[in-house]
Number of protein chains: 2
Amino acid sequence: MHVAIVTFDGFSEIDTFVALGLLNRLEDKGWRAELASPAAYVTSTNGVTVQAQRPLEFANDADVVLFGSNMYARALSSNSALLDRLTLDPLRQTIGAIGSGSLLLARLGLLGTMPACAEPAVRPWLIEAGVRAVDEPFHARGPIATAGGRLATVYLAAWVIARSAGSDAAASALRYAAPVGDEDRFVAQVLDALRPYLPDAGH
Amino acid sequence: MHVAIVTFDGFSEIDTFVALGLLNRLEDKGWRAELASPAAYVTSTNGVTVQAQRPLEFANDADVVLFGSNMYARALSSNSALLDRLTLDPLRQTIGAIGSGSLLLARLGLLGTMPACAEPAVRPWLIEAGVRAVDEPFHARGPIATAGGRLATVYLAAWVIARSAGSDAAASALRYAAPVGDEDRFVAQVLDALRPYLPDAGH
């Protein structure tokens, strides 16, 4: 599984690197999560410069595409020259966003009528883009998901893993990231929240 | 407040960037958390190359010094030429580590008789260094703290903030990072865990 974490200047470090750290726990199963960017170097919201691992177009071929929140999300969402380089396909790809990253999903026509999770600061932008904002950490419909709040990235990454590699693999990655001594509660809390959105729900 | 996040090749992305993202929430209060490294570029455990923001010796002058876990922590802890460049001072600095980063605190003589939090994989190395490993997410004594498990970085960052800027400032940073809709529970859970280790405990 190739995972593209789409990373533009202004990216939120927590969103990007919590997703990258969790998803690369499945390296043994052939997963690889990498930063896909339109430039060789991108600089985060707090001024950290990171080397891109893949060009932006890697997202078009990846199995999973994730968009973190970004301090420039609103400007990015109206940058047609940039977004025209992305041709994502929900029939073939699992696609997710965190916080203001949902605005890019909306502009790429990937949300349809589904609501998106978002922090209060992001909600006016989503409403402006015709998207209903919900006060939940995680929401998915089929192969598309959104998460709200930096650390809800954990929910999004675990959903990506559970969807393609099963709940046990997701539990294993979560256990690795959990605070020591709190593993059982932490894993159960995240998987319980995801259960309604996993393919085997109710079976 | 100047915060040095000591970052070597092999660093854990989650530890480093969750700390950086949370601590830079206090930018308005004059806080600045930056990556301090012995080289101009360092590459993470999952192969992401990041530009250092400060030289390693910035840690000697910073108000707060944090060490994340590192895939090479054991080798780093026996690299005297590297560690001799660090002269940390618990009378003047707040110092913390996550996971195998505690091994560096031990080698720098900063743990004394205090125990350190650690994931099971790290415990043999700590014991070898003469440190008692505990199965807790967070433990502090005075100005020194350790956290165990990647996301226990949240506890460490919140403790650093609460210690210097008060519990309300810590709550505000935690609220920003929390999953949407789960803010109250999340903030209370972290602050409750920190309460025994904050200067005003019991007052």
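**Exercise 1. Decide whether B:G109 is buried or exposed, and say where in chain B it stands.**

Solution. Begin with the rule, under which a residue is buried if 20 or more other C-beta atoms lie within 10 Å of its own, exposed if 12 or fewer, and partly exposed in between, the C-beta atoms being placed from the backbone. B:G109 has 9 C-beta neighbours inside 10 Å, and therefore it counts as exposed. Next, locate the residue: B:G109 belongs to the loop between α5 (101-107) and β8 (116-117) of chain B, where helices (H or I, at least four residues) and strands (E, at least two) are DSSP runs, numbered from the N terminus. Finally, its C-alpha atom is separated by 26 Å from that of B:R195, a residue 86 positions apart from it along the chain.

Two remarks on the source apply throughout. The model is predicted, with local features needing pLDDT of at least 70 and side-chain atom pairs counting only at pLDDT 80 or more, while totals for chains, interfaces and linings use all residues. Residues are numbered from 1 along each chain as its sequence is written, and chains are lettered from A and ligands numbered from 1 in the order in which they are written.

**Exercise 2. Describe the sheet of chain B, and say which strands stand at its edges.**

Solution. First write down the order, which is β5-β2-β1-β6-β7-β11-β10 for the 7 strands of this open sheet in chain B, with mixed pairing. Strands count as paired if DSSP finds at least two bridges between them. The edges are taken by β5 (54-55) and β10 (138-141) of chain B, each of which has a single partner strand, so one side of each lacks a neighbour in the sheet. Against this sheet packs helix α7 (residues 153-165) of chain B, which touches β6 (64-67), β7 (94-98), β10 and β11 (144-147) of chain B, and whose direction makes about 170 degrees with that of β7(B).

Then look at one strand in detail. In β1 (residues 2-6) of chain B, 4 of the 5 residues are buried, so that the strand is mostly covered. β1(B) pairs with β2 (residues 32-37) of chain B in the parallel sense over 5 bridges, and B:R32 in β2(B) is the bridge partner of B:H2.

**Exercise 3. Describe how helix α7 (residues 153-165) of chain A is enclosed, and how it packs against α8(A) and α1(A).**

Solution. Start with the length: the expected span of a helix is 1.5 Å times one less than its number of residues, so the 13 residues of α7(A) should span 18 Å, and the end C-alpha atoms are indeed 18 Å apart. Because 11 of these 13 residues are buried, α7(A) is largely enclosed by the rest of the structure; among the buried residues are A:Y155, A:W159 and A:R163. After the helix comes A:G166, whose phi is positive, near 95 degrees.

Now take the first partner. α7(A) and helix α8 (residues 167-177) of chain A pack at an angle of about 150 degrees, with their axes 7 Å apart; axes are lines fitted to C-alpha atoms, for helices over the stretch in contact, and angles run from 0 to 180 degrees between N-to-C directions. Residues in contact have C-beta atoms, placed from the backbone, that lie within 7 Å, and here they include A:V154 and A:I161 of α7(A) with A:A170 and A:L174 of α8(A). This contact has 10 nonpolar residues, 1 polar and no charged, where Ala, Val, Leu, Ile, Met, Phe, Trp, Tyr, Cys and Pro count as nonpolar, Asp, Glu, Lys and Arg as charged, and the others, Gly among them, as polar.

For the second partner, helix α1 (residues 13-23) of chain A packs with α7(A) at about 35 degrees, their axes being 9 Å apart. The contact includes A:V18 and A:L22 of α1(A) and A:A157 of α7(A), and its residues divide into 10 nonpolar, 1 polar and 1 charged.

**Exercise 4. State how many residues of chain B are in contact with chain A, and which elements supply them.**

Solution. The count is 34 residues of chain B against 33 of chain A. On the side of chain B that touches chain A, α1 (13-23), β4 (49-51) and α8 (167-177) of chain B each supply at least two residues, and the largest share, 6 residues, comes from α1(B). By type, that side divides into 18 nonpolar, 10 polar and 6 charged residues.

Key:
Two residues are in contact if their C-beta atoms, placed from the backbone, lie within 7 Å.
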